Amino acid sequence: MFKKILLILSLFCISTSSWAAGPGSIDLTNSIFGLTAIILFSIAYVLVIGEDVIHLRKSKPVLVAAGIIWLIIGWVYTQHGVPIEAEEAFNHNLLEYAQLLLFLLVAMTYINAMEERGIFDGLRLWMVSKGLSLRSLFWLTGVLAFAISSFANNLTTAMLMCAIILKVASNDKKFINIACINIVVAANAGGVFSPFGDITTLMIWQSGLVKFEQFIVLFIPSLVNFLVPAIIMSFFISNEKSTPDVSETFKIKRGAKRIVALFILTIATAVLCHSVVNMPPVLGMMMGLGYLKFFGFYLRMSLPRSLDKKRNKAEAENDSEELKKLGNIIPFDIFDKIARAEWDTLLFFYGVVMCVGGLGFMGYLSLVSEALYSNWSPTYANIAVGVLSAIVDNIPVVFAVLSMNPAMDLQQWLLVTMTAGVGGSLLSIGSAAGVALMGQTKGVYSFIGHLKWSWAIALGYAASIAVHFLING
């Protein structure tokens, strides 16, 4: 019985995107080859789940598993005299991954550029300097996490807000734990109503199932998902004044605001490419990378003139500290920002896509689709997807739904977009943001600490689903 349950869970997490190649002409679901592939992927994913325990990067096991699975497929199809079919399926999966890779790479490059120019540090110090009450800080970090994660990586957003919490209330462990829970919930909810908020919403947008402007109807349900547990938890936070350390001073670097403007222009270009001329959004994003590269060239060429002006001013004011800072300025380097992208996440994404693409090509996808969406109503199935994403990374879970491509209307596709995005908040291990904050706080925010408030988060989860049906039904 346990083996059957494990197999069902494994199969639910293996598939590929809705635009990926379907099952091949050779059914391998009852063969030793198919079983071997499932075991390989299961082992790889167990290693992924245990990343923080064994300290093995999550990309490594899935990269190896993907290679072996497609070698098995290639060998079987070669023996049957149809190797070209396997090659075309592999290339099809690879092409779609490449589009998502380049899209995410550009977004990460912009976020890294804004971080290097000091946009996020400036925001952090501004908040710290206000001397807010703990309750006000709880709400402000939550609201900002919700807003920023709609266009920035929820991991980066959560870590930024957590840094503020640790700066202001480093000795209040109870407050740190509850504030981190609020940040994780807010960051996950904020990524739902925008295609740029999460990899899964990006995949659903690029699949053509939900248009860019249609995601906005999830704003109120995702806001409810954040507000319900936040309101409950806020009653358990004191209203005493925080005692921040305001000794640190900071100025954002030259060009920071213009980079933000270029990022907005890049997003607009990507949306127009997809909605107006029916080209993949990655075309607009790569154009946006060109915008940033030209601006980086301008920053490098104009740096000597800018330094001369600042040096003359500092010398006139006899400001030795400013002169020292000017001597440490490093020119803007776009390739440094590209190199600092989350490559382990991007490679993990490749491994998952190719693993589940291979398993779907073997024929398992149709079995899982029939077991889930044929026997359950779409509503119950999509709610279960959200609960499962609290345990399993939501990327393969959403791949599963997309590749099954069940007959669902827009309301149901929006539902699964939301549940998969916010379901990871139910447990601290359900999202990258939660795992990162447990490490950042050195265990002050913990799995058990999060679990104590899972009931409140579950109320928000249920309320967001109810509101979705109420206003989008």
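**Reasoning through a predicted model**

Modeller: Not counting residues up to four places away in sequence, Ser425 touches Val184, Val185, Asn188, His450 and Ile457. The model is a predicted one, and Ser425 lies in the loop between helix H20 (410-422) and helix H21 (432-440).

Colleague: Why does Ser425 count as buried?

Modeller: Its relative accessibility is 0%. Buried means under 20%, so Ser425 counts as buried.

Colleague: What makes up the protein chain in terms of helices and strands?

Modeller: The protein chain has 23 helices and zero strands. Of its 473 residues, 53% are buried. Its accessible surface comes to about 21100 Å², with 66% of this belonging to carbon and sulfur atoms.

Colleague: Among contacts between residues at least 6 apart in sequence, what share joins residues at least 24 apart?

Modeller: The share is 82% of those contacts.

Colleague: Which residues have the most contacts inside the largest nonpolar core?

Modeller: They are Phe175, Phe349 and Met362, in a core of 137 residues. Helix H5 (residues 83-116) gives the most to this core, with 15 residues. Leaving aside neighbours within four places in sequence, Phe349 is in contact with Tyr97, Leu100, Leu104, Ile199, Met203, Ile395 and Phe399. As general background, nonpolar side chains in soluble globular proteins tend to be buried together.

Colleague: How do you know that the side chains of Glu116 and Lys253 meet in a salt bridge?

Modeller: The distance from N to O is 3.2 Å. The cut-off for a salt bridge is 4 Å between a side-chain nitrogen of Lys or Arg and a carboxyl oxygen of Asp or Glu, so the pair qualifies. This pair links distant parts of the chain: Glu116 is in helix H5, and Lys253 is in the loop between helix H11 (219-234) and helix H12 (256-275), 137 residues apart.

Colleague: What makes Glu116, Arg117 and Lys253 one network?

Modeller: They are joined by salt bridges that share partners. The structure holds two salt bridges. Besides the pair of Glu116 and Lys253, the side chains of Arg117 and Glu116 meet at 2.8 Å, N to O. In general, side chains of opposite charge can pair when their charged atoms come close.

Colleague: Are Arg117 and Glu116 buried or exposed, and why is Lys253 called partly exposed?

Modeller: Arg117 is buried, and so is Glu116. Lys253 has 39% relative accessibility. Partly exposed covers the range between 20% and 50%, and Lys253 is therefore partly exposed.

Colleague: Which residues form the nonpolar patch on the surface?

Modeller: The patch is formed by Ile32, Leu35, Ile39, Ile43, Leu47, Val53 and Ile54, which together have about 650 Å² of accessible area. Helix H2 (32-49) and helix H3 (51-54) each supply at least two of its residues, and H2 gives the most, with five.

Colleague: Why does Ile32 count as exposed?

Modeller: Ile32, which lies in helix H2, has 57% relative accessibility. Exposed means over 50%, so Ile32 meets that description.

Colleague: How do you know that Cys180 is in no disulfide?

Modeller: A search of the whole structure finds zero disulfides. For Cys180, the nearest cysteine sulfur, that of Cys162, is 3.9 Å away. A disulfide requires two cysteine sulfur atoms within 2.5 Å, so this pair does not qualify.

Colleague: Why do Cys180 and Cys273 count as buried?

Modeller: Cys180 has 0% relative accessibility and Cys273 has 9%. The limit for buried is under 20%, and both residues therefore count as buried.

Colleague: What makes the phi of Asn278 worth noting?

Modeller: Phi of Asn278 is near 55 degrees, a positive value in a residue other than glycine. Most residues other than glycine have a negative phi. Asn278 is in the loop between H12 and helix H13 (281-316). Asn278 counts as exposed because its relative accessibility is 65%, set against a cut-off of over 50%.

Colleague: Why is Leu227 called partly exposed?

Modeller: Leu227, found in helix H11, has a relative accessible area of 27%. That value falls between the limits of 20% and 50%, so Leu227 is partly exposed. Leu227 and Ala186 are 41 residues apart in sequence and 8.3 Å apart in space, C-alpha to C-alpha.

Methods:
Residues numbered from 1 in each chain as written. Predicted model: local features only at pLDDT ≥ 70, side-chain atom pairs only at ≥ 80, totals over all residues. Heavy atoms only, no water. Core = buried A, V, L, I, M, F, W, Y, C linked by side-chain atoms within 4.5 Å. Buried < 20%, exposed > 50% of the residue type's maximum accessible area, 1.4 Å probe, protein only. Helix = DSSP H or I, 4+ residues; strand = E, 2+ residues; numbered from the N terminus. Contact = heavy atoms within 4.5 Å. Areas by Shrake-Rupley, 256 points an atom, 1.4 Å probe, with all protein chains shown as cover. Patch = residues over 30% accessible without salt bridge, like charges linked within 9 Å, V, L, I, M, F, W, Y side chains within 5 Å.
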